Amino acid sequence: MCFFNKLPRAGLILFSLLTAVFSTNSFALSCKDAFTGSAKQIIALDQPINVSTANLQPGQLLWRSQTFSSTFKCEDTDGFPKGENAYLWWDPTKMVQSIHNSLQVGVTFKSVDYNPVAQQNTLVGPGTTCRPNGNGGCRSPAQSQTVKVEYSVYIKATGNAPPQSGQITDNNQYALFQVDGVGGLNSRPDSNFRSYITGLGNIRFISCNPQITVVANNGSTVNFGKIPARNAVVGKIEKQMPFSVEANLTGAGQDCQGKTLMASFSSTYPTQDTTTILPTSDSGFGIVISKADAPLTWIPMNTPQTLGYINGSVISTNFLASLKWLSTTPKEGTFKASANIDVTFK
């Protein structure tokens, strides 16, 4: 049998950071928006963000932005003809650490949550490449490349107490990352794209604690039953099983009405292509999740989905768990995979 389980709302969030490689030579790579030439993005929290005071344990997801998709054009500005990779360099101004200690503000890239730590980075892809000169070397400047980055911003609880007033007092701008090369940060003003967040003062801690449950064909578990391995065809959806996520607002608190609930899925199991949860890394099949009204549109991990607007006592949203073949020779036996569901306010 294959199982899809729902774990408690707040699961262990794993993240990794690649240690920066420092060099005595600083290769200045300039990366800007490929279409506008802009080197700056400001993600402004210009609407109130409501956070439940009942869910402030460390690592609890409080808010997640929309997914941003940006394409950057990188250029060799200092004569490094062999080319170099582009990276997301975290917290380039070293100010993220000064955000109120009840909050952790970070970036989700390729469905992984990164806590921005200054002088650390994450690989994006080739920023420039060699232009062969015919003699086994490379011509200068290196060939420009474009890199596409899809990301969102998250806010999590650290476990520290929020301000007694119930509201964060903060009007600063914080640079979350800079797109730059292997040699470190390019110090030339406006030469490299930076993403900033501002408006943390719009975060308000409210009294609203809905009870979240999963309803499936085996309690809170989706049971796929027995599936013959001989059916395996790479890319084929073998079986789809419905489940629903319910939010019960009865006695949840006086601040719930008029809010919109959002849900995002994550997993401690291996994943593939940001959407497929694997029972094991070599299982030969995986589980993908979709909204019931969009059965073949897979939901990426750590990507918010609307559950509904609160104007009553119960909100229920229908989803599908689908078994997808990844190999013609899948492993046989009893398998399970699980997902966490984090519910936040919009």
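**Exercise 1.** Which residues are linked with Asp113 in a network of salt bridges?

*Solution.* The model is a predicted one, and the solution starts from the general idea of charge pairing. Side chains of opposite charge can pair when their charged atoms come close. As a first step, take Asp113 and Arg64, which form a salt bridge whose closest N and O atoms are 3.4 Å apart. Since Asp113 lies in strand 10 and Arg64 in strand 6 (residues 61-64), this pair ties together parts that are 49 residues apart in sequence. As a second step, take Lys156, whose side chain meets that of Asp113 in a salt bridge at 3.0 Å, N to O. This pair also links distant parts of the chain, with Lys156 in strand 13 and Asp113 in strand 10, 43 residues apart. Joining the two steps gives the result that Arg64, Asp113 and Lys156 are linked in a network of salt bridges.

**Exercise 2.** Decide whether the members of this network are buried or exposed, and then treat the pair of Lys236 and Glu238 in the same way.

*Solution.* For the salt bridge between Asp113 and Arg64, both residues are buried, and for the salt bridge between Lys156 and Asp113, both residues are again buried. Turning to the other pair, the side chains of Lys236 and Glu238 meet in a salt bridge at 3.9 Å, N to O, a value that falls within the 4 Å cut-off for a salt bridge. Lys236 has a relative accessible area of 37% and is therefore partly exposed, while Glu238, with a relative accessible area of 21%, is partly exposed as well. The value for Glu238 has to be read against the limit for burial, which is under 20%. By the salt-bridge rule, the count for the model comes to 6.

**Exercise 3.** Describe the setting of Ala157 in strand 13.

*Solution.* Ala157 belongs to strand 13, which covers residues 138-157, and because its relative accessible area is 4%, Ala157 is buried. Its C-alpha atom is separated by 6.6 Å from that of Leu61, although these two residues are 96 residues apart along the chain. If residues up to four places away in sequence are not counted, Ala157 touches several others, including Asn55, Leu56, Pro58, Leu62 and Ser102.

**Exercise 4.** Find what is notable about the backbone at Lys110, at Ser111 and at the bond from Ser140 to Pro141.

*Solution.* Most residues other than glycine have a negative phi, and most peptide bonds are trans. Lys110, which is not a glycine, has a positive phi of about 55°, and Ser111, likewise not a glycine, has a positive phi of about 65°. Lys110 sits in the loop between strand 9 (103-109) and strand 10 (112-114), and Ser111 is placed in the loop between strand 9 and strand 10. Lys110 is exposed, with a relative accessible area of 56%, whereas Ser111, at 18%, counts as buried. The peptide bond from Ser140 to Pro141 is cis, with omega near 0°, and Pro141 is found in strand 13.

**Exercise 5.** Which polar partners does the side chain of Ser191 have?

*Solution.* Begin with its location, which is the loop between strand 14 (173-180) and strand 15 (194-198); at 9% relative accessibility, Ser191 counts as buried. Its side chain makes a polar contact with the side chain of Asn186 at 3.4 Å, and a polar atom of the Ser191 side chain lies 2.7 Å from the backbone oxygen of Arg188. Leaving aside neighbours within four places in sequence, Ser191 is in contact with Ser30, Cys31, Lys32 and Asn186.

Definitions and conventions. Residues numbered from 1 in each chain as written. Predicted model: local features only at pLDDT ≥ 70, side-chain atom pairs only at ≥ 80, totals over all residues. Heavy atoms only, no water. Helix = DSSP H or I, 4+ residues; strand = E, 2+ residues; numbered from the N terminus. Buried < 20%, exposed > 50% of the residue type's maximum accessible area, 1.4 Å probe, protein only. Polar contact = N/O pair within 3.5 Å; in protein donor to acceptor, adjacent residues only side chain to side chain. Contact = heavy atoms within 4.5 Å.
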